[in-house]
Amino acid sequence: MSYSGKKMIPGRATARVRRQGRVRRKIRGTDEKPRLSVYRSNRYLYVQVISDQSGRTLAAASTRESGGAGVTADKARQVGTAIAEKCKSQGISAVIFDRNGFRYHGRIQALADAAREGGLAF
């Protein structure tokens, strides 16, 4: 697409990447308080607990583990509970929530609420 002198309107994916970059400049996960990163595709929901300090993924969960395509708020709650259990078993009680440029609404909100109910503090 060429630039014709008019102001270009970013697409939905481009806008999300810009939001993601703004947030990522401010958020860094440490070994004591890692970053809980969420990625939402059309079919699945993925969650990782990452220590940017040591460059390792400490825990991960997704809707692929539960089986069946399609992500609903109920499946997002299951993933939030699963990641909270995995973090608790590793001694992680507090995380920094990184919604990865996605709106805090619907599936992302359901996952975050379930993780909080599971015992994660953020």
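Biologist: Which residues of helix 3 are buried?
Modeller: This is a predicted model. Helix 3 spans residues 107–117. Its buried residues are Ile108, Ala110, Leu111, Ala112, Ala114 and Ala115.

Biologist: What do the buried residues of helix 3 pack against?
Modeller: Partners come from both kinds of element. Helix 2 covers residues 73–89, and strand 4 covers 96–98. The buried residues of helix 3 pack against strand 1, strand 2, helix 2 and strand 4.

Biologist: In what order do the elements of the chain run?
Modeller: The chain holds 3 helices and 4 strands. Read them from the N terminus on. The order is α-β-β-β-α-β-α.

Biologist: Which residue just after helix 3 takes a positive phi?
Modeller: Look just past the end of helix 3. The phi there is about 115 degrees. The residue is glycine 119.

Biologist: What is the phi of asparagine 100, and where does this residue lie?
Modeller: Most residues other than glycine have a negative phi. Asparagine 100 is not a glycine, yet its phi is positive, at about 65 degrees. Asparagine 100 sits in the loop between strand 4 and helix 3.

Biologist: Is asparagine 100 buried or exposed?
Modeller: The cut-off for buried is under 20% relative accessible area. Asparagine 100 has 7% relative accessibility, so it counts as buried.

Biologist: Which residues does tyrosine 39 contact, beyond its neighbours within four places in sequence?
Modeller: Tyrosine 39 is found in strand 1. At 38% relative accessibility, it counts as partly exposed. Asparagine 100 is one of its partners. The full set is Arg16, Tyr44, Leu45, Tyr46, Asn100 and Phe102.

Biologist: Which residues lie nearest the centre of the largest pocket?
Modeller: This pocket holds about 440 Å³ of space. Its lining counts 15 residues. Nearest the centre are Arg12, Arg16, Arg40, Phe102 and Arg103.

Biologist: Which element gives the most to the lining of the largest pocket?
Modeller: Helix 1 (12–26), strand 1 (35–40) and helix 3 (107–117) each supply at least two lining residues. One of them leads, with 5 residues. That element is helix 1.

Biologist: Is arginine 35 buried or exposed?
Modeller: Arginine 35 lies in strand 1. Buried residues have under 20% relative accessible area. Arginine 35 has 6% relative accessibility, so it counts as buried.

Biologist: What does arginine 35 contact, leaving aside its neighbours within four places in sequence?
Modeller: Two acidic residues are among the partners, Asp52 and Asp98. The others are Arg24, Ile27, Gly29, Gln48, Val49, Ile50 and Ile96.

Biologist: What separates the C-alpha atoms of arginine 35 and serine 51?
Modeller: Arginine 35 is in strand 1, and serine 51 is in strand 2. Along the chain they are 16 residues apart. Their C-alpha atoms are separated by 6.3 Å.

Biologist: Which residues touch serine 51, neighbours within four places in sequence aside?
Modeller: Serine 51 counts as buried, because its relative accessibility is 0%. Its partners are Gly29, Thr30, Asp31, Pro34, Arg56 and Leu58.

Biologist: Which residues does cysteine 87 touch, not counting those up to four places away?
Modeller: Cysteine 87 is placed in helix 2. It is buried, with a relative accessible area of 0%. The residues it touches are Val49, Ile92 and Leu120.

Biologist: How is glutamine 90 classed, buried or partly exposed?
Modeller: Glutamine 90 lies in the loop between helix 2 and strand 4. Partly exposed runs between 20% and 50% relative accessible area. Glutamine 90 is at 44%, so the class is partly exposed.

Biologist: How far apart are the centres of the positive and negative side chains?
Modeller: The chain has 25 positive side chains and 9 negative ones. Each set has its own centre. The two centres lie 13 Å apart.

Biologist: What share of the chain's residues is buried?
Modeller: The chain has 122 residues. The C-alpha trace spans about 55 × 35 × 20 Å along its principal axes. Buried residues make up 35%.

Key
Residues are numbered from 1 along each chain as its sequence is written. This is a predicted model: local features need pLDDT of at least 70, side-chain atom pairs count only at pLDDT 80 or more; totals for chains, interfaces and linings use all residues. Side-chain values use heavy atoms; hydrogens and water are left out. Buried means under 20% relative accessible area, exposed over 50%, partly exposed in between (1.4 Å probe, protein chains only). Lys and Arg count as positive and Asp and Glu as negative; His and the chain ends are not counted. The place of a charge is taken as NZ of Lys, CZ of Arg, CG of Asp or CD of Glu. On a 1 Å grid over the protein atoms alone, a cavity is a set of points where a 1.4 Å probe fits but cannot get out, and a pocket is an open set with protein on both sides within 12 Å along at least five of seven lines; lining residues have an atom within 4 Å of a point. Grid points are joined across faces, edges and corners, and a volume is the space filled by probe spheres set on the points. Contact means heavy atoms within 4.5 Å.
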